[in-house]
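Hi,

Here is the structure I said I would pass on. Have a look at it first, and my notes follow underneath.

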Amino acid sequence: MIKLQQLIGLPVFVIHSGKHAGMVRDAWFDEHWKLLGLVLSNAKWFGSGVLAVQWSDVLTCGEDAVLISGEEAVKPVKPAEILRSFDTGVVKLKDLPVVTVQGLQLGRVSDVYFYPFQGTQIVGYELTDGFISDLMEGRKWLRAPEDPEAVLLGEDAIIVPAVSEAELEPVAASNSEYREK
């Protein structure tokens, strides 16, 4: 598994030429929170458009760089097209509260996990209760339910089944890079 925030800030290179295509600024999702692609930082000082790469054009997500299939994979996208993203879209996944169907808040989304080569559905959430709580107790990890219909990924909150509270696991410091389950 890979954490989405590990990708943010990485350089993006074209595999056959080694040309620098930009830096990962964010990731954007469809209405079911399936990863559609990466949003790149705009190299133009006054550019109003957004540069993006479809996830299907991403070949490798390494520790130090992201490799894409070609320069033509980087396309301008209107900011309004990126409705759901991790950190910069109209609807942001980061900091959304995660609440059970019984009304218990489990925390706020700090990061998400996914398998980069086995599909792009979110497989887990890293949750925070705030800075002090993170220091005292650490963050929590919640595996996404197998059935995507069991989770409501709304605009203002993520609603999960009541059993999710019992499934919370601590996030160890040694798991900060890659989490194996």
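Let me start with Thr100, which is buried, with a relative accessible area of 4%. Keep in mind that this is a predicted model. Thr100 belongs to strand E11, which covers residues 97-100. If you skip the neighbours within four places in sequence, Thr100 is in contact with Leu106, Ile159, Val160, Pro161 and Ala162.

**Strand E12 and its partners**

From E11 you can walk straight into E12, since the two form a hairpin with 4 residues between them. In that turn, Gly103 has a positive phi of about 90°. The two strands run antiparallel and are joined by 3 bridges; Val98, for instance, has Gly107 in E12 as its bridge partner.

E12 itself spans residues 105-114 and is mostly covered, with 8 of its 10 residues buried. Which other strands pair with E12? One is E1 (residues 2-3), which pairs with E12 in the antiparallel sense over 2 bridges. There, Ile2 stands opposite Phe114 in E12. Another is E13 (residues 124-128), also antiparallel to E12, over 5 bridges. In that pairing, Arg108 stands opposite Thr128 in E13.

**The cores**

E12 turns up again when you look at the nonpolar packing. The largest nonpolar core has 38 residues, and the members that touch the most others are Leu7, Phe29, Leu93, Val109, Tyr125 and Ile158. E12 gives this core its largest share, 4 residues. There is also a second, separate core of 6 residues, with Trp28, Val39, Val77 and Ile82 among them.

Tyr125 is worth clicking on if you want to see the packing from one residue. Leaving out residues up to four places away in sequence, Tyr125 touches Val109, Asp111, Val112, Tyr113, Lys140, Trp141, Leu142, Ala144, Val151, Leu153 and Ile158.

**Salt bridges**

How many salt bridges does the structure hold? The count is 6, and here are three of them in some detail.

The pair Lys3 and Asp111 has its closest N and O atoms 4.0 Å apart. Lys3 sits in strand E1 and Asp111 in strand E12, so this salt bridge ties together parts that are 108 residues apart in sequence. Are these two buried or exposed? Both Lys3 and Asp111 are buried.

Next, the side chains of Glu126 and Arg139 meet in a salt bridge at 3.1 Å, N to O. This pair links distant parts of the chain, with Glu126 in strand E13 and Arg139 in the loop between H2 and E14, 13 residues apart. Glu126 counts as buried because its relative accessibility is 3%, under the 20% cut-off. Arg139, with a relative accessible area of 30%, is partly exposed.

Then there is Asp129 with Lys140, whose side chains meet in a salt bridge at 2.7 Å, N to O. Again the pair links distant parts of the chain: Asp129 is in the loop between E13 and H2, Lys140 is in strand E14, and 11 residues separate them. Asp129 is partly exposed, with a relative accessible area of 43%.

If you are setting up charges, here is the network view: salt bridges that share partners join Lys3, Asp111, Glu126, Asp134 and Arg139 into one network.

**Out on the surface**

Two places to look at here. The first is a nonpolar surface patch of about 530 Å², made by Phe131, Ile132, Leu135 and Met136. Leu135 is in helix H2, residues 131-136. Why does Leu135 count as exposed? Its relative accessibility is 59%, and the cut-off for exposed is over 50%.

The second is Glu149, in the loop between strand E14 (140-143) and strand E15 (152-153). Glu149 is exposed, with a relative accessible area of 69%. From C-alpha to C-alpha, Glu149 and Val160 are 9.8 Å apart in space, while in sequence they are 11 residues apart. Val160 is also one of the contacts of Thr100, which brings us back to where these notes began.

Cheers

Key: Residues numbered from 1 in each chain as written. Predicted model: local features only at pLDDT ≥ 70, side-chain atom pairs only at ≥ 80, totals over all residues. Heavy atoms only, no water. Patch = residues over 30% accessible without salt bridge, like charges linked within 9 Å, V, L, I, M, F, W, Y side chains within 5 Å. Areas by Shrake-Rupley, 256 points an atom, 1.4 Å probe, with all protein chains shown as cover. Buried < 20%, exposed > 50% of the residue type's maximum accessible area, 1.4 Å probe, protein only. Contact = heavy atoms within 4.5 Å. Pairing = 2+ DSSP bridges. Core = buried A, V, L, I, M, F, W, Y, C linked by side-chain atoms within 4.5 Å.
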